[in-house]
Amino acid sequence: MTSLRLTDFGIFYGNQGLTLLQPGLYVVHGHNGRGKTTLLNAIRWCLYGRYSDRQGRVVPPEVTLNRQARREGRAEFVVEVILLDGSDEYLLRRKQFISPSGPAPSQLYAERNGSPLTSGERERAIDQILGEQVSQFFLFDGEQLQRYELLLHEDGGSTLIKQGIEQILGLPIIDNSLADLGSVLDELNKRLAREARATEQLERLGVRAEQAQADLEVKDSEIALLGRERTEQRSVIAAKDGFLQKYENQIEQVKKLETLDERIAYLKQNRSQLRGLLAEELQETWRDVLAAAVDPKRKELERTVEKAQRGVSIGVLRELLEQSVSQHRCALCKQALEADDELQMEAEWSRHAAGTSETPGTGDFVLLQLLAPIVDTGHARIAIGLDSTIADSHSQELALRQESSRLREALENLPEGEVSDAQRYRDRAQQEIGRLNTAIEQATQERAEIDERLQRTRDEIRKANANTGQRMELARAIDLAQNLRSIFGVAKGQYRDQLRDAVEASASEVFRSLTNEPEFKKLRINGSYGLEILDAHGDEVGGRSAGQEQVVALSLIAALNRNARRRAPVVMDTPFGRLDPIHRGNILRFLGHLAEQVFLLVHGGEVRDEDLAKIAGDIRERFELARVDPDRTTIEVAAGG
Amino acid sequence: MTDNRPDPIHALNDAAKEMHIALPKGLIEEILELESDTSTEHSTRTRTVAALMRVIETRAKLLP
């Protein structure tokens, strides 16, 4: 770490910080409440965006903002750290704005060698430089060193601490490799399974292609056979056509003769029906013949009967008038007659009485009734028409028979049976060709479908065959991945044992230089990286004091820093709280060898100036946290620092 | 401060020798370089697995 700058972070009002020359031991001195722990927390917050109090509770941003700054209306605090990692320089700057409605998420800006990093790159860079899980071994509070005592109890030990230790030692590189090789093998085996399915599919495709090829050959034979049959039938037609052509005219006349015969037969049948109708009409024709002769007599009779009927009517009227005049009352309605009426009736009666009366004979009526059915009904005219039609039919038939006889004489030399057979065979051959054409068309369509299926199958076979080379490479990749996983699996245990041995050796070496008890010879590491103190006889020392625990914890931290895969600054806050002067002196002398860069945050009660004077050669620089007021501390370079 | 930290490459080469498995030269170093990003972030792990797959496939092609 080459720079740490804070703006309104905690007790640190305004913008201030530390500029550092690495490597070496740096001492930050300050009384309680002046901001030693705040410096440690500022580094944690800048890296991880959060920090906790000694009870493990995450401290909210609004509490972190400097109180004086808040009173002056400022609402933002910032921490900036510059770190060197090998040849790369990283700048990390985290800002927190607190609006009236509450704090927004903090914002981290990072750059590597002057180039800004993306969000993902920022997270990875921090994880690489000093991951949060391993930070407890670099940025630690001396008051909490007793946590490492948990490691002594393998069953109840803190898993997180153990994981952190293994991470700092670099064991995850093997664990991750093993897990990733497992993932790679899973994927390769999936591909192998797919390839196996592809092989099975290839076999199925081969069978399908063979079947399609056989179907195609069968269909070709079928089409060829149908084609030959059609050719034969065409030959039949050609032969019959050649034969029939010789009798072409006669055949036409035969057809004409057949038409004539059909016509004659029709006329005969029609005439028979006409004769039936004529017979029916003739039954009524006599009326029409007699009607002309009877008509003069009928008219005479009708006149006579009419006259007689009128005479009867006048007689009845005269009787009624006579009766009414004599009785002075109407003979019909029985009403009394007025004088005028009677006079009028008398005059009327006198007029009729003077006329002659004629009585019709009974014979006239009978004769008239007998003559009534004898009238002209038109049947005679219909009968005459039918008779005329029948006569025409006879004439037509006669003409047709003459034509027929002429044709028959002309066709006497025609081989009628042969011609008829030839025509029948030709027609049959024509029908057969029609059937064959349909069959050939259908077979050709089926052949095209089979051919299309065969082509598709061949394409699939070509694609499947193209993967043969890939299958061999896949098999080699699986072998290689399996070998690697076996090697990493075996190496993991061995590497962990080597790391434990190395940590145990380093911790023992540090412990011997720190402890005030010469009888304590070494530390023994357990499966959880817990350290037991062994005496000169190799026996475990039980009942360890709080000070001894702190020394063991510092030994473990020193051993981990020595064996860590990566180097990082160590920031120790108040590490001497439980230690006696001998231990304190031993540790102070050791601090320069703990890591390449060490920050010691202490107060006057822990470490006195004369203690620091004894290690003045190891101290690169001293800083003093000076009180301005209860809300403000300034960082000052100490005199003689 | 002397650097006598155990080296995973040595542990892996020893294991390969012990198991009589011959690996392509530099393969272990290549894998460890890939796996040096120990982030547990899902996307990082996915990326590393994909890179590891490529390394193994490439090396497998060159095998006799």
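Reply: Let's start with burial: a residue is buried if 20 or more other C-beta atoms lie within 10 Å of its own, exposed if 12 or fewer, and partly exposed in between, with C-beta atoms placed from the backbone. This is a predicted model, where local features need pLDDT (the predictor's confidence in each residue, from 0 to 100) of at least 70, side-chain atom pairs count only at pLDDT 80 or more, and totals for chains, interfaces and linings use all residues. Residues are numbered from 1 along each chain as its sequence is written, while chains are lettered from A and ligands numbered from 1 in the order in which they are written.

Me: Okay, try it on one residue. Is A:Asn561 buried or exposed?

Reply: Buried, because 22 other C-beta atoms sit within 10 Å of A:Asn561. You'll find A:Asn561 in helix α14 of chain A; helices here are DSSP runs of H or I with at least four residues, strands are runs of E with at least two, and both are numbered from the N terminus.

Me: Which residues does A:Asn561 touch, leaving aside its neighbours within four places in sequence?

Reply: Two residues are in contact if their C-beta atoms, placed from the backbone, lie within 7 Å. For A:Asn561 that gives A:Val570, A:Leu594 and A:Ala595, once neighbours within four places in sequence are set aside. Take A:Ala595: 34 residues separate it from A:Asn561 in sequence, yet the C-alpha to C-alpha distance is 6.6 Å.

Me: Zooming out, how many helices and strands does chain A have?

Reply: Chain A has 16 helices and 15 strands. It runs to 641 residues, 25% of them buried. If you look at the contacts in chain A with a separation of 6 or more, 75% are between residues 24 or more positions apart.

Me: And what does chain B come to?

Reply: Three helices and zero strands, so to speak an α-α-α string from the N terminus on. Of its 64 residues, 25% are buried. The mean pLDDT of chain B is 86, with 91% of its residues at 70 or more. Among its elements, α1(B) has the highest mean pLDDT, 93, and α3(B) (residues 42–62) the lowest, 90.

Me: How do I read helix packing? What is the angle between α1(B) and α2(B)?

Reply: Axes are lines fitted to C-alpha atoms, for helices over the stretch in contact, and angles run from 0 to 180 degrees between N-to-C directions. Helix α1 (residues 8–18) of chain B packs on helix α2 (residues 27–34) of chain B at about 135 degrees, axes 10 Å apart. That makes α1(B) and α2(B) oblique (under 35 degrees is roughly parallel, over 145 roughly antiparallel, 65 to 115 roughly perpendicular, the rest oblique). On the α1(B) side you have B:Pro8, B:Ile9, B:Leu12 and B:Asn13, meeting B:Ile28, B:Glu29 and B:Leu32 from α2(B). By class, this contact has five nonpolar, one polar and one charged residues; Ala, Val, Leu, Ile, Met, Phe, Trp, Tyr, Cys and Pro count as nonpolar, Asp, Glu, Lys and Arg as charged, and the others, Gly among them, as polar.

Me: What about chain A: how far apart are the axes of α8(A) and α11(A)?

Reply: 7 Å, with helix α8 (residues 285–327) and helix α11 (residues 379–410) of chain A packed at about 125 degrees. So α8(A) is oblique to α11(A). A:Thr285, A:Asp288 and A:Val289 of α8(A) make the contact with A:His379, A:Ala380 and A:Ala383 of α11(A). That contact has three nonpolar, two polar and one charged residues.

Me: Now the interface. How many residues does each chain put into the contact?

Reply: Chain A contributes 33 residues and chain B 32. On chain A's side, α4 (119–130), α6 (172–246), α13 (468–514) and α14 (546–563) each supply at least two residues. The largest share, 16 residues, is from α13(A). By class, chain A's side divides into 14 nonpolar, 11 polar and eight charged. As for confidence, the predictor gives the complex an ipTM of 0.95 and a pTM of 0.58.

Me: One last feature, backbone phi. What is the phi of A:Asn113?

Reply: Most residues other than glycine have a negative phi. A:Asn113 has a positive one, about 50 degrees, although it is not a glycine. A:Asn113 sits in the loop between β7 (107–112) and β8 (115–116) of chain A, and counts as exposed because it has 9 C-beta neighbours inside 10 Å. A:Thr574, not a glycine either, also has a positive phi of about 50 degrees. Its loop lies between β12 (570–573) and α15 (581–594) of chain A. With 20 C-beta neighbours inside 10 Å, A:Thr574 counts as buried.
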